[in-house]
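Biologist: Could you walk me through this structure and tell me what stands behind each label you use? I would like to see the reasoning as well as the verdict.

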Amino acid sequence: ALSSIPTEAEIAAGLQSCQAADSFDYKTFFVKVGLNSKSKDQVAKVFGILDQDRSGFIEEDELNTMSQSFVLSPLPFLFLKNFSVSARALTDAETEAFLAAGDSDGDGKIGVDGKTALIK
């Protein structure tokens with residue numbers, strides 16, 4: 001679970017910073033949840049949890065849509081809900097901005113290099 005890396009208090013602070021629609025700022029969020037101060041291995045573990053389909057990338061559908069395949073995952077592919085089930089979904093604009101910031105090669109996905117750039 002994600003709460004084993006960021007603490008529950010850090011998660012609460014991160015989610016508090018982006019409660020309103022279109023208020024998600026990935027830099028602020030990752031600072032608030034403390035990921036910018038975690039080890040490379042801890043960040044990789046979080047990335048692995050967020051990578052719901054285990055593709056090695058975080059794609060748009062893992063940020064703001066419901067999973068169409070309950071075989072792969074019975075959980076929604078909603079980025080903030082990985083941190084708390086009561087969290088909201090990212091808006092389309094937030095999703096596009098987040099992907100653009102982490103997509104280092106223009107393929108529409110956030111890979112290992114992109115996640116490091118986003119968090120640090």
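**From values to labels**

Modeller: Gladly! Glu 94 is buried, with a relative accessible area of 5%. One caution before we go on: this is a predicted model.

Biologist: Why is Glu 94 called buried?

Modeller: Buried means under 20% relative accessible area, and Glu 94 has 5%, so the label applies. Glu 94 sits in helix α5. Beyond four places in sequence, Glu 94 touches Ala 20, Ala 21, Asp 22, Ser 23, Phe 24, Arg 88 and Ala 89.

Biologist: What makes the approach of Glu 94 to Thr 91 a polar contact?

Modeller: The side chain of Glu 94 comes to 2.8 Å from the backbone nitrogen of Thr 91. The cut-off for such N or O pairs is within 3.5 Å, with one atom able to donate a hydrogen and the other to accept it, so this pair qualifies.

Biologist: Next, the aromatic rings. Why is the pair of Phe 24 and Phe 98 called edge-to-face?

Modeller: By the ring rule the count comes to 11 aromatic pairs. For Phe 24 and Phe 98, the ring centres are 5.4 Å apart and the planes stand at 65°. Centres must lie within 6.5 Å, and planes over 60 degrees apart count as edge-to-face, so the name fits. This pair joins distant parts of the chain, 74 residues apart: Phe 24 is in the loop between α1 and α2, and Phe 98 is in helix α5.

Biologist: And what makes Phe 79 and Phe 98 edge-to-face?

Modeller: Their centres are 5.0 Å apart and their planes are at 65°, so this pair is edge-to-face too. Phe 79 lies in the loop between β2 (77-78) and α5, so the pair ties together parts 19 residues apart in sequence. Ring pairs link Phe 24, Tyr 26, Phe 29, Phe 30, Phe 79, Phe 83 and Phe 98 into a cluster.

Biologist: How do you know that Phe 79 and Phe 98 are buried?

Modeller: Phe 79 has 2% relative accessibility and Phe 98 has 3%. The limit is under 20%, so both are buried. Phe 79 and Phe 98 are also among the residues with the most contacts inside the largest nonpolar core, which has 26 residues. Helices α1 (8-16), α2 (26-32), α3 (40-50), α5 (92-102) and α6 (112-119) each supply at least two residues of this core, and the largest share, four residues, comes from α3.

Biologist: How do you know that Ile 11, Gly 14 and Leu 15 of α1 are on the same side?

Modeller: Ile 11, Gly 14 and Leu 15 are the buried ones in α1. They cover an arc of only 95° around the axis, which puts them on the same side of the helix. It helps to recall that an α-helix has 3.6 residues a turn, so residues three or four places apart point the same way. The buried residues of α1 pack against α2, while Ala 9 and Gln 16, on the other side of α1, are exposed.

Biologist: Last one: why is Phe 57 called partly exposed?

Modeller: Its relative accessible area is 29%. Buried needs under 20% and exposed needs over 50%, so Phe 57 falls in between. Lys 109, in strand β3, has 29% as well and counts as partly exposed. An unreviewed UniProt entry places a "binding site" feature at positions including Phe 57 and Lys 109. Phe 57 and Lys 109 are in contact.

Notes. Residues numbered from 1 in each chain as written. Predicted model: local features only at pLDDT ≥ 70, side-chain atom pairs only at ≥ 80, totals over all residues. Heavy atoms only, no water. Core = buried A, V, L, I, M, F, W, Y, C linked by side-chain atoms within 4.5 Å. Buried < 20%, exposed > 50% of the residue type's maximum accessible area, 1.4 Å probe, protein only. Arc of directions from axis to C-beta. Contact = heavy atoms within 4.5 Å. UniProt positions renumbered as here; feature names shortened; annotations may be inferred. Phe/Tyr/Trp six-rings, centres within 6.5 Å; stacked < 30°, edge-to-face > 60°.
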